[in-house]
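Student: I'm new to this one and would rather see one part properly than everything at once. Could you pick a part and take me through it closely?

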Amino acid sequence: METLMHVIGGRPVTPQASQWDNVVNPASGEILGRVPLDDAQALSLAVETASAAFGPWADTPVLQRARVMFKFHELMDRHRNDIARSVTTEHGKTLPDATLEVARAMEVVELAASAPSLLKGEVLAGVSRGVDTMLIRTPLGVVAGITPFNFPAMVPLWMIPPALVSGNTFILKPSERTPLTSLLMMDLWAEAGLPPGVLNLVLGGRSAVDQILTHPDIKAVSFVGSQPVAEYIYRTAAAQGKRVQALGGAKNYHIIMPDAHIPKTVDALMGSAFGSAGERCLAGSVAIAVGSAADTLVPALREAIRQWQVGPGLDASSDMGPVIRPESRERIAGYIQKGVEEGAVLLEDGRQNPVEQPGFFLRPTLFDGVSSSMTIAREEIFGPVLSLMRAPDLTGAVKLANASQFGNTATIYTESGASARYFRDHIEAGMVGVNIGVPAPVAIFPFTGWKHSFYGDLHATGMDALRFYTEEKVVISRWWGDNQPE
Ligand code: NAD
């Protein structure tokens with residue numbers, strides 16, 4: 001079995017660890033490699049290497065740093081099929097889903113390529129006699145990123161391009177469950193001309209994370225993952241004086257009005273709730289049918305679920321692949337059981353008719369009669385389970401959605417501008433969809449989770465990302481001279 005290597009200073013580094021895990025293809029159970037969990041030496045070496053690389057990289061003209069982004073973008077484009085296949089192989093999502101992920105990742109590289117325009121500072125000449133004031137942005141130093149399993153290409157690239165183009169050096173600790181795509185992209189970064197040591201990849205689990213959080217030479221930490229870990233990361237790293245952005249879990253509510261276009265709403269809901277096996281932080285997991293909407297929505301959803309093909313992500317006929325691990329399947333099945341015990345009506349049971357494949361498959365599940373006190377309405381399930389609630393009117397539906405501890409995204413399906421406006425103004429979520437199943441902003445906008453879906457001040461992507469990875473410096477200058485006004 002292949003032992004996966006760290007990449008530090010542009011070279012593969014053999015891990016020295018006492019704990020290991022396997023990277024597994026969830027569609028087949030095949031072991032793809034062995035990953036170290038606790039190589040403390042590697043993290044220390046990566047910080048030393050990134051620290052040494054920082055000065056020269058920060059001094060590299062920003063236009064030159066942006067050119068590396070252009071080149072990397074070109075290489076991603078050339079290798080987009082390989083990257084997508086890698087995502088499907090280690091994560092399980094369908095190839096079209098993985099291909100879309102790569103395209104969304106490339107948008108962040110495009111954002112970074114425009115850094116010379118975006119990083120321009122501000123100048124006010126003549127704030128006093130002979131005095132000018134200028135605001136410039138400078139890099140922070142060594143920064144680190146810790147990523148989840150579910151977007152192996154996109155989430156690391158939410159962080160790396162904006163951090164590097166701003167002049168920082170970077171240490172990536174990818175998910176121990178899906179590190180292969182990040183390793184593949186390290187080769188492309190090198191080919192794009194990134195100097196050794198500017199970007200380093202350290203494999204690991206919790207102990208690597210704890211080392212990052214407490215290392216005095218790491219100035220900022222970007223995290224994406226589950227809510228309890230996001231909160232832990234934020235508290236621990238902030239207490240160490242680090243800048244932190246920590247994106248956590250979610251429970252995304254979708255409100256269906258009686259005037260919604262039902263066939264298109266069902267398409268959007270199916271993709272949102274069951275695409276990528278529900279393992280998305282933007283997955284719609286609770287649908288609230290307003291008034292008579294349920295009469296047409298429920299039968300149409302049940303029919304769509306029955307047509308939904310579950311199978312390996314590389315199989316062109318699959319609409320949905322496996323979940324990431326057998327333990328995830330058990331956890332999700334546990335939530336389904338809990339829903340039944342708490343009184344929800346199980347309309348479609350994803351545990352039935354197991355897929356005849358060795359992988360970790362579940363079919364879509366649909367509950368009706370869900371109330372806000374039930375566990376399946378409150379907790380993130382992170383699997384292909386959709387819970388249906390009912391509300392008499394839009395105000396009541398928004399109240400139900402706003403009771404959630406999370407605030408990543410919410411969507412309304414309606415043909416009424418007035419309903420959409422009411423929803424936009426009153427829903428407590430950072431990313432709001434109107435007839436959009438997965439309201440993921442393009443990378444020129446920030447990824448604005450609210451409530452327990454985000455800890456920090458500056459979000460990922462958009463101008464927020466460039467602000468997060470830079471320090472502001474205000475320079476006030478006066479030049480003495482005979483011809484200056486007194
Ligand atoms: P996770 O929290 O288990 O792991 C994320 C990272 O944290 C991994 O690199 C892992 O090694 C590390 N980690 C795990 N447990 C830790 C611990 N106790 N202490 C320190 N580090 C730890 O998340 P996951 O299962 O890989 O990813 C799924 C989660 O990520 C879901 O909750 C999903 O909603 C969330 N997510 C959120 C967003 C967003 O934008 N808000 C995007 C993608 C995923």
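Tutor: Let's start with a word we'll need: a residue is buried if 20 or more other C-beta atoms, placed from the backbone, lie within 10 Å of its own, exposed if 12 or fewer do, and partly exposed in between. What you see is a predicted model, in which local features need pLDDT of at least 70 and side-chain atom pairs count only at pLDDT 80 or more, while totals for chains, interfaces and linings use all residues. Residues are numbered from 1 along each chain as its sequence is written.

Our part is helix α11, residues 293-307. Helices (H or I, at least four residues) and strands (E, at least two) are DSSP runs, numbered from the N terminus. Helix α11 has 15 residues and reaches 21 Å from first C-alpha to last, close to the 21 Å expected at 1.5 Å a residue; that expected span is 1.5 Å times one less than the number of residues. Which of its residues are buried? They are A293, A294, L297, L301 and I305. Looking down the axis of α11, these buried residues fall within an arc of 70°, so they line one face of the helix. The arc is that of the directions from the helix axis to the C-beta atoms.

Now turn α11 around. The face away from the buried side carries the exposed residues D295, E303, R306 and Q307. Take E303: it counts as exposed because it has 11 C-beta neighbours inside 10 Å. If you go looking for W189, 114 residues apart from E303 along the chain, the two C-alpha atoms are separated by 46 Å.

So what sits over the buried face? The cover on the buried residues of α11 includes β12 (252-256), α10 (262-274), β13 (284-290), β14, β15 and β16. Contact here asks for C-beta atoms, placed from the backbone, within 7 Å.

Some of those names come back with helix α12. The elements covering the buried residues of α12 include β14 (345-348), β15 (365-368), α13 (375-378) and β16 (385-391). Helix α12 itself takes in 16 residues, 326-341, which should span 22 Å at 1.5 Å a residue; its end C-alpha atoms are 23 Å apart, which agrees. Buried in α12 are S328, R329, I332, Y335, I336 and G339. They cover an arc of only 120° around the axis, which puts them on the same side of α12. On the other side you'll find E327, E330, G334, Q337 and E341, exposed. Just after α12, G343 has a positive phi of about 105°.

Speaking of phi, have a look at F382, in the loop between α13 and β16. Its phi is near 55°, positive in a residue other than glycine. Most residues other than glycine have a negative phi. F382 counts as buried because it has 25 C-beta neighbours inside 10 Å.

A bit further along is A420, in helix α15 (residues 417-426). It counts as partly exposed, because there are 19 C-beta neighbours inside 10 Å. Setting aside neighbours within four places in sequence, A420 is in contact with I412, T414 and V434.

Let's zoom out to see where all this belongs. The domain assignment, automatic or from a database, gives domain 1 (6-248 + 453-475) and domain 2 (252-434). Their centres, taken over C-alpha atoms, are separated by 31 Å. The contact between them takes 17 residues from domain 1 and 25 from domain 2. On the side of domain 1 that touches domain 2, α3 (80-91) and α4 (95-113) each supply at least two residues.

Last stop: the ligand. It is surrounded by 29 residues, the closest being P148, G225, S226, G249 and C281, where being near means a C-beta atom, placed from the backbone, within 6 Å. Two or more residues of this shell come from each of α8 (206-214) and α9 (227-239). Domain 1 and domain 2 each give at least three residues to the shell.

Definitions and conventions: Two residues are in contact if their C-beta atoms, placed from the backbone, lie within 7 Å.
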